[in-house]
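User: Please take a close look at the sheet in this model. I should like the strand arrangement described, followed by what packs on the sheet.

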Amino acid sequence: MAASPWLNVNLHYVALGDSTTVGVGDPLAGCAVRLSGAGAVPGQGWRGWASLLAESLGSSHRVTFSNVATSGATAPLVAREQLPSTGDDRIDLASLIVGVNDTMRSTFDPIEIRDSLQECGDRLTARGALLLTVRFHDHGQVFGLPKWLRRPLWRRIEVVNSLYDDLVASYGGIRIDLADRPEIYQRDFWSVDRLHPGERGHRRLARSFADELVARGLPIDVLPALESDARYAPSKWNDAVWMVREGIPWVGRRASDLMPWATRMALGHRVSAWPVSMDVPRSSSGP
């Protein structure tokens, strides 16, 4: 019988990624935070799914948890800045969730994203890490965007998903398919901005990874709780306030960068950073 890979009671977990892994959308009790999460870093007012998972792992292991995620991170930034900051020690678990910010920029470059993800996968697994990643859902549907804008954004998301397909094929790991989970399109999964999970969303994401780890033979005595204290439950009033304070200014900032490209795509012009010679798998699902 093969020995369990989880015999060591010491567990080193490193979290890399963007504002979702920082924990934006899940504020700590009593902390005043910017709802947009601009400039957020771990441990400064936000909790989030990675911290919830680390806390749960601590119920059965001595956990060393390093969250190096940063708000606004792109895949190249993760490879260039976050990856070196994790050091050289052995890692047992490494979560890598990034790519949404890349899709929302006119500089979207699938080759650079692919190389960045592969570099992270290569270096993290070489240190012993089991990778934790996701397959992204249709963000445009969550935002309630019109179909003409959803379609080009979905195409970019599917490109990023295909790059994660390659990453998992090369390095294995655990991957949560967000698009396959109906709660993803329920309002109470999301924070007021609909871009970051709310407390319920963060809890469900942490629980999903914990369940998969248990299925892999990792003992976890106390799984992440799914119950929310509902202190920050979404409401029409909170949505309206956020839209005035944060949403409209954000749309204004992004419009000058992304909207010209999205408009051209919607009119049927091929505008893509991916070389024509490379085959990009497309899902039959989505808008």
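Analyst: Five parallel strands form an open sheet in the order S2-S1-S3-S4-S5; strands here are DSSP runs of E with at least two residues, helices are runs of H or I with at least four, and both are numbered from the N terminus. Two strands count as paired if DSSP finds at least two bridges between them. The model is predicted, so local features need pLDDT of at least 70 and side-chain atom pairs count only at pLDDT 80 or more, while totals for chains, interfaces and linings use all residues. Residues are numbered from 1 along each chain as its sequence is written, and side-chain values use heavy atoms, with hydrogens and water left out.

Strand S2 (62-67) and strand S5 (174-177) are the edges of the sheet; each has a single partner strand, so one side of each lacks a neighbour in the sheet. On average, neighbouring strands are turned by 15 degrees against each other, direction ignored; axes are lines fitted to C-alpha atoms, for helices over the stretch in contact, and angles run from 0 to 180 degrees between N-to-C directions.

At the S5 edge, strand S4 (residues 130-135) pairs with S5 in the parallel sense over four bridges. Within S4 and S5, Leu 132 stands opposite Ile 174.

Helix H2 (residues 49-57) packs on this sheet and touches strand S1 (10-17), S2, strand S3 (93-97) and S4, contact meaning heavy atoms within 4.5 Å. The direction of H2 makes about 175 degrees with that of S1.
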